[in-house]
Amino acid sequence: MAKTSIACIALDGNKILVAHRNPVGQMGGRWEFPGGKVEQGESDSDAIVREFREEFGVNVTVGSAIAFSEFEHNGQTVLLHAYQIYVPHNGMETKYVLTEHTEYAWIDVRDIPQLNFVDSDLKIYDQVKDFALRNFQ
């Protein structure tokens, strides 16, 4: 059975939350949509809440599914599901507590191609951009 990963899409107008990964591992030092792996027996929503609490130290609310793709990782197919999420604050006045990233930023969704973004998230980029621009401008 294919594994599933989730991407968390937090929007503020046409700005989107992106995070810079710690400089370790295969995708180290690259930008990404926050997220991670769905564990055995976990729903996508449960994984989103858990991952965000572990990686940013805040509780989020999960919205609708907005993008789907799949990618190969170490010879295995991984399903990628992206969901809109709602963060309790933007992490600017009160900083998020980072465990897997060196920094985060709110950037214009159209600027993502200028970043060194992870390949798997680029597979859903067009869907995410279309959703963001259609719903939040």
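Helices (H or I, at least four residues) and strands (E, at least two) are DSSP runs, numbered from the N terminus. What you have open is a predicted model, where local features need pLDDT of at least 70, side-chain atom pairs count only at pLDDT 80 or more, and totals for chains, interfaces and linings use all residues. Residues are numbered from 1 along each chain as its sequence is written, and side-chain values use heavy atoms, with hydrogens and water left out.

**Stop 1: the whole chain**

Select everything and show it as a cartoon. You should find two helices and seven strands. Walking from the N terminus, the order is β-β-β-β-α-β-β-β-α. Along the principal axes, the C-alpha atoms fill a box of roughly 40 × 30 × 30 Å. The radius of gyration is 14 Å, which agrees with the value near 14 Å that a compact globule of 137 residues would have. That radius is taken over C-alpha atoms, and the globule rule is 2.2 Å times the number of residues to the power 0.38.

Now switch on a surface. The accessible surface comes to about 7300 Å², and 47% of that belongs to carbon and sulfur atoms; these areas come from the Shrake-Rupley method with a 1.4 Å probe, and for residues only the protein chains shown count as cover. How much of the chain is buried? Of the 137 residues, 45% count as buried. Buried means under 20% relative accessible area, exposed over 50%, and partly exposed in between (1.4 Å probe, protein chains only).

Colour by charge if you like. The 12 positive and 20 negative charges have mean positions 2 Å apart. Lys and Arg count as positive and Asp and Glu as negative, while His and the chain ends are not counted; the place of a charge is NZ of Lys, CZ of Arg, CG of Asp or CD of Glu.

**Stop 2: strand S6 and the loop before it**

Pick Thr 77, which sits in strand S6. Thr 77 is partly exposed, at 27% relative accessible area. What does Thr 77 touch, leaving aside neighbours within four places in sequence? Show Ala 2, Lys 3, Glu 70, Phe 71 and Glu 72: Thr 77 is in contact with each of these, where contact means heavy atoms within 4.5 Å. Draw a distance from Thr 77 to Lys 3: their C-alpha atoms are 6.9 Å apart, with their positions 74 residues apart along the chain. Chain-wide, residues 24 or more positions apart account for 65% of the contacts with a separation of 6 or more.

Step back to Asn 74, in the loop between strand S5 (61-73) and S6. Check the backbone here: phi is near 50 degrees, a positive value in a residue other than glycine. Asn 74 is exposed, with a relative accessible area of 61%.

**Stop 3: the aromatic rings**

Show the Phe, Tyr and Trp side chains. Rings of these residues (the six-membered one for Trp) pair if their centres lie within 6.5 Å; planes under 30 degrees apart count as stacked, over 60 as edge-to-face and the rest as tilted. The count comes to five aromatic pairs. Zoom in on Phe 33 and Phe 117: their ring centres are 5.0 Å apart and their planes at 70 degrees, so the pair is edge-to-face. The two come from distant parts of the chain, 84 residues apart: Phe 33 is in the loop between strand S3 (31-32) and strand S4 (35-37), and Phe 117 in the loop between strand S7 (101-108) and helix H2 (119-136). Phe 33 is buried at 2%, and Phe 117 is buried at 2%.

Next, select Phe 56 and Tyr 96, an edge-to-face pair with 5.7 Å centre to centre and 90 degrees between the planes. This pair also links distant parts of the chain, with Phe 56 in helix H1 (residues 44-56) and Tyr 96 in the loop between strand S6 (76-86) and S7, 40 residues apart. Phe 56 is buried at 1%, and Tyr 96 is buried at 5%. Add Phe 52 and Tyr 104 to the selection: ring pairs link Phe 52, Phe 56, Tyr 96 and Tyr 104 into a cluster.

**Stop 4: along helix H1**

Stay with helix H1 and pick Arg 53. Arg 53 counts as partly exposed, at 45% relative accessibility. Not counting residues up to four places away in sequence, Arg 53 touches Val 58 and Asn 59. A C-alpha distance from Arg 53 to Val 97 reads 9.1 Å, for residues 44 apart along the chain.

Last pick: Val 49, also in helix H1. Val 49 is partly exposed at 22%. Beyond its neighbours within four places in sequence, Val 49 is in contact with Val 60 and Val 62. From Val 49 to Val 128, 79 residues apart along the chain, the C-alpha separation is 20 Å.
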